[in-house]
Structure formats: C-alpha cells, structure tokens
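Colleague: Before we discuss the two ligands, may I see the model, and may I ask you to justify each term you use?

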Amino acid sequence: MSSFSILKSPSKPLFFVSNQLEKQFSASDLHVSQFINGQQFHKPSISKPFTSTSSSINKKPITAITATQKNDKPLSSSSSSMSLSVSEENLAFPIMVNGCTGKMGKAIIEAGVSAGLQVVPVSFGSESKSGQIVEVGGKEIHIYGPSRRENILTSLLKENPNMIVIDFTVPATVNANAELYSKVGVPFVMGTTGGDREMLYNTVEKSKGYAVISPQMGKQVVAFIAAMDIMAEQFPGAFSGYSLEVIESHQSSKLDPSGTAKDVIKCFQKLGISYELDQMQQVRDPEQQLEMVGVPEEHLQGHAFHVYHLTSPDKTVSFEFQHNVCGTSIYAEGAIDAAIFLAKKVQSKADRHIYSMIDVLREGNMR
Ligand SMILES: NC(=O)C1=CN([C@@H]2O[C@H](COP(=O)(O)OP(=O)(O)OC[C@H]3O[C@@H](n4cnc5c(N)ncnc54)[C@H](OP(=O)(O)O)[C@@H]3O)[C@@H](O)[C@H]2O)C=CC1
Ligand SMILES: O=C(O)C1=N[C@H](C(=O)O)C[C@H](O)C1
C-alpha cells in the first residue's frame, strides 16, 4: 500500500543526508520478488472493444496479444523465487527518487526499500511542495522545488558518490532535470515521458554521463516492444498499405500522450504503415474508460491501456495487439532493475553510456 502524508512544513527548507547510506548488504538483504499478479480481468476486444472507433468493433483479430496486470502489489520478499545480492557484486548504492509524492515516486520508493536499496531522504518536486517533509513508504523525505537544485544535488552526490537518480516527474521538467543530472554527473534512470526526447539524448551524450531512458519500464511490455522492433528490423514494409488505429487510455491526470505508444508506432511505421502521432486517440474521461475501454473502476486513477488495430487494405485481414496495465508495480520493479543495471555499468566504467530498457532486458538484469 502506498503511504504518503505531509509531516511538517518548515519555514526554511531542511537538508540533510544520512551518513549510513553506504551500508553493505548481506546476501539475505535483497531478494527477488515476484510481485506481478498475473490475474486477468481481460476485457476482450472482440466482444467489447474500444468502441470509439470503427474498425476494432466486432471483428475477431487474427492476432490478439493481451497483457493485463491487476492489483498494485508491493514487492514482497516472502514470495521470492530467486535472490540477488547487491553485496555479492559490491553494488550497494543509494537511490534518489525525484517526484516522490507522485504515483510512480511512491511505488519506486516502496520497491526500492523492499529490494534493500537505500533511499536518500531528499527529492525534487514541484514548487508548491518545496520545503515540505513528506513521508513516503515509511521514509521522511525533504522536498525541494526547482530552485537551488544544483547545490543540493552536488552536495548529495558528494556524500553519496554511488547514488543513482530515478526520475518520475512531469514532462515539462524532463530536459531541465536531465541537464542538471548531466552537469552534476549523477547517473540517472529517466522514466518520465515527454519533453524534447532528442534533446534529452543529446544532453546525456554530450556530458558523457550514464543513463537508462525509457518511457516504459514494465519489463513484459518492454519485451513486447522489443519483439515489435525485431519484426520491424527483419521485415521492413511487411504491413505496407495496412491502416492502423491506436487508442490509449490513462488516468485523467496524465499530462501527455502515451510515450510507450509513440515507441510502438515507430515500429509500425518501419513496418510500412503510414501513421501520424496526432492520429492516436487518447481516452482520459473516466466515464468512457469505464464504459468503453473496460477499465476496472478501482483503477481509473492509475491504468495504462493500449490497443493497436491493423487492417489490411481490402479489410479481409486484421491484427490487434493490446497491453493493459493497472497500477504501478510493474513499472516500479522495472525501474529498480534499471537502477541496478545502471549501477553495474557505472561501476564497470562501461564504454556505452545511454541505455534503454531493452538493453536492461537483454543483459538479463531481471529479478
Ligand atoms: N517509464 C514508465 O514506465 C512510466 C512512466 N511514467 C511517467 O512518469 C511520470 C510521472 O508519472 P506519475 O507518477 O503517474 O505522475 P504523478 O502526477 O502522480 O506525479 C508527478 C510527480 O512529479 C512532481 N512534480 C511536479 N512538478 C515537478 C517539477 N517541476 N519538478 C520535479 N517534480 C515535479 C509531482 O509533485 P507534486 O505532487 O508536488 O505535484 C509528483 O511528485 C509521467 O511522465 C509518466 O508518463 C509513468 C508510469 C510508468
Ligand atoms: O503516465 C502513465 O501512467 C504512464 N506513462 C508511460 C507512457 O506514457 O508510456 C507508461 C505507461 O503508459 C504509464
């Protein structure tokens, strides 16, 4: 369960860094957790598709890949099937989670704590919460707004030289945050979507900093995107002439179109389909989400449903791909895996500096 409450709001921002962050973990400190509940609520697109479009209605797809996650279960070491020791690999490292009052920030702190990582008690947030101390996942965390960030991050990194930043904030701050992390020289996992993505990559490249950047941290969804990417590489143009409909549904508070859908659309474009990003349909109205998309009511405030429907030029063939996620645990687990992967890259002074979640999957850094 997520816990978040404002403890106090000092008139002057507080700043301290625990000097116990370099704790070495024993083999039993960090366990693999199986926390994805595969239980399906399955809203079959065949019988009740997203009805705001025409082509997915009442047509049985030839291929339907549906990934559905229900229940936002925290990492639980008791359900471990394998174990991973950070200390065995000399990789004890602290994480700084920016955007810690948000849905993802909270989930990542809980996942990080469950994984045995240390969470530094400082987080960058919005100006409105600057100076507050909040409790997230049982930790007291000092929030800093956009000003003074450089000094704060520099001091924090000095005290925690192995620190990895995990950023799940807002699209408007992606580029400024990446610039700051790059300038200060702290490796980071960028889960936040939006912003100028080209600029984001350029910033990291120029600084020679280390980063994992991905709009999608859910490992099974990433594997699906990787498969699409391989298909596009192997069979470019295979779907030339096909038409594509993309519908994504997220909680009404989401500020931008799905970054994941944008990546999947790039694969379809390589497969020969002509599709502009502004054709993507975004569903943000809870009523439509309940009635047309089939989002469970308890997940209206936190879900990511995607459907991609392909139709052949003569309309005799159709394909449909879906990935439906409720809650945040799938992304939180992936983000922690990405941080562990990145810590290893930094420690080994890897030549390559910028990674995607597909790289994380490829190297088998999965718990
Ligand atoms: N890569 C992935 O797998 C996933 C990516 N995401 C992406 O992560 C981002 C966050 O998602 P989510 O947690 O759902 O969003 P929320 O709206 O729940 O949280 C956003 C967080 O960012 C903080 N914030 C607001 N303004 C600033 C600022 N200027 N600087 C720093 N922090 C700020 C908010 O603080 P406050 O509370 O004060 O407003 C809040 O803590 C989005 O871009 C989303 O698309 C989400 C899920 C998965
Ligand atoms: O904001 C979200 O919630 C999500 N954002 C990411 C995106 O835009 O692709 C990943 C997932 O869809 C959840």
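Modeller: In this predicted model, the shell around ligand 2 takes at least three residues from domain 1 (94-218 + 330-363) and at least three from domain 2 (219-327). Two elements, α6 (259-270) and β13 (303-311), each contribute at least two residues to that shell.

Colleague: What makes Lys-254 a polar contact of ligand 2?

Modeller: An oxygen atom of ligand 2 is 2.8 Å from an N or O atom in the Lys-254 side chain. The cut-off for such a pair is 3.5 Å, so this pair qualifies. The side chain of Thr-260 has an N or O atom 2.5 Å from an oxygen atom of ligand 2, and a polar backbone atom of Gly-259 is 2.9 Å from an oxygen atom of this ligand. Of the 320 Å² of accessible area that ligand 2 has on its own, the protein covers 84%.

Colleague: Why is Gly-259 placed in a class of the shell around ligand 2, and which class is it?

Modeller: Gly-259 is among the residues around ligand 2. Gly counts as polar, so Gly-259 belongs to the polar class. By class, that shell has 3 nonpolar, 8 polar and 1 charged residues.

Colleague: How do you know that Gly-102 makes a polar contact with ligand 1?

Modeller: A polar backbone atom of Gly-102 is 2.9 Å from an oxygen atom of ligand 1; the pair is within 3.5 Å and therefore counts. Polar backbone atoms of Lys-103, at 2.9 Å, and Met-104, at 2.8 Å, also face an oxygen atom of ligand 1. The protein buries 82% of the 940 Å² that ligand 1 exposes when taken alone.

Conventions
Residues are numbered from 1 along each chain as its sequence is written. Chains are lettered from A and ligands numbered from 1 in the order in which they are written. This is a predicted model: local features need pLDDT of at least 70, side-chain atom pairs count only at pLDDT 80 or more; totals for chains, interfaces and linings use all residues. Side-chain values use heavy atoms; hydrogens and water are left out. A residue is near a molecule or strand if one of its heavy atoms lies within 4 Å of it. A polar contact is a pair of N or O atoms within 3.5 Å; within protein, one must be able to donate a hydrogen and the other to accept it, and residues adjacent in sequence count only if both atoms are side-chain atoms. Accessible areas come from the Shrake-Rupley method with a 1.4 Å probe; for residues, only the protein chains shown count as cover. Helices (H or I, at least four residues) and strands (E, at least two) are DSSP runs, numbered from the N terminus. Domain bounds come from an automatic or database domain assignment.
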